[in-house]
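User: I am new to this structure and would be grateful for a close look at a single part of it, set within the chain as a whole.

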Amino acid sequence: MIRKLFFGGLLLTVASTAWSAISLTASAGSGQVSLSWSYSGSTATTQEIYRDLDSNPTGRVRIASVSASTRSYVDTGVSSGTTYYYWIKNTVSGVAENSNVASATPSGGSSITGASCTTGGAQTTVNATIRVTSGTYDGGCQRFNAGSALGDGSQSESQLPVFRVENGATLRNVVIGTNGADGIHTYNGAVLDNIYWMNVGEDAMTIKSSGTTTVRNIEGYDAEDKFFQVNAASTLNVSNCIIHRAGKVLRQNGGTTFQINVTVDRCDINTMSEGVFRTDSSSSTARLTNSRLHNAGTVCIGSWSSCTQSGNTSY
């Protein structure tokens, strides 16, 4: 930050790291942290929200990008008793400006419960991908079984998704049946909430284009290869998940070098034949926190720029 000051009739230009035009506060709740901020002498344009488990900004992870008019955000991907540190980053004409660091320690919401939908609800067969382009699609915990037009749930690359979620829309309260086809595709960001995969097909979820995808309160079983596939530069935040029996939790598309930023928090990861995170990109980051692991293999596979873990236990 460069500041210009008058002293004794002289104009002085000084560098300052203590002062910021963005004033950020964080307040803790049950299973969430609420952020609010304001500007002084600066214009908001491209705003990004960052989070870390310490006050050093090195290694912090972007959890959201918000509009220029936004001045508040609620982070629900948190665990009880853990202190989180936050920054707002605003970029004007290529020059980045950061807020002060603000911290909070949420209470409640610490258990790993996965999805609340069960597999015994009403069933429907999906013969054409259901497209969610805006707002919220609530499946009412129905079981959505992929028809043969979508695929057979194998590892064939030609399969289609049961759902396609776009432009920050929300898909919630869905059970994907024993023919998972190619699961769920997201484009330009999405929110997936309370999703249950009975038997993952090609993949449970694939990020197809850039954006921030938030996945919470989910569980899935028997992914032969990977559970999450990431095919574009993006941010993926996962919280409260149960993933059992898979090759790995996440794979960035093989041979790609674009940057992805992944956080996985409060998850039960059991029986991975290979490991948790895999990439070929030296610019990508991943973090695994407050999770339970059993026969999970290697956590960090490949040339990650940063791949860390904290607060995890084995059972």
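Analyst: In this predicted model, the chain carries 21 positive and 21 negative charges, and the mean positions of the two groups lie 8 Å apart. The part examined here is asparagine 100, and a description of the whole chain prepares the ground for it.

The chain holds 26 strands and zero helices. Its C-alpha trace spans about 80 × 40 × 40 Å along the principal axes. The radius of gyration is 21 Å, which agrees with the value near 20 Å that a compact globule of 315 residues would have. Among contacts with a separation of 6 or more, 52% are made by residues 24 or more positions apart. Of the 315 residues, 50% count as buried. The accessible surface comes to about 13000 Å², and carbon and sulfur atoms account for 47% of that area.

Within this setting, asparagine 100 is located in the loop that runs between strand 9 (95-98) and strand 10 (102-104). Is this residue buried, exposed or partly exposed? Asparagine 100 has a relative accessible area of 31%; because buried means under 20% and exposed over 50%, asparagine 100 is classed as partly exposed.

The side chain of asparagine 100 also has a partner elsewhere in the sequence: it reaches the backbone nitrogen of leucine 24 at 2.8 Å. For isoleucine 242, which is 142 residues away along the chain, the C-alpha atom is separated from that of asparagine 100 by 35 Å.

Definitions and conventions:
Residues numbered from 1 in each chain as written. Predicted model: local features only at pLDDT ≥ 70, side-chain atom pairs only at ≥ 80, totals over all residues. Heavy atoms only, no water. Helix = DSSP H or I, 4+ residues; strand = E, 2+ residues; numbered from the N terminus. Rg over C-alpha atoms; globule rule 2.2 N^0.38 Å. Buried < 20%, exposed > 50% of the residue type's maximum accessible area, 1.4 Å probe, protein only. Contact = heavy atoms within 4.5 Å. Areas by Shrake-Rupley, 256 points an atom, 1.4 Å probe, with all protein chains shown as cover. Lys, Arg positive; Asp, Glu negative; His and termini not counted. Charge placed at Lys NZ, Arg CZ, Asp CG, Glu CD. Polar contact = N/O pair within 3.5 Å; in protein donor to acceptor, adjacent residues only side chain to side chain.
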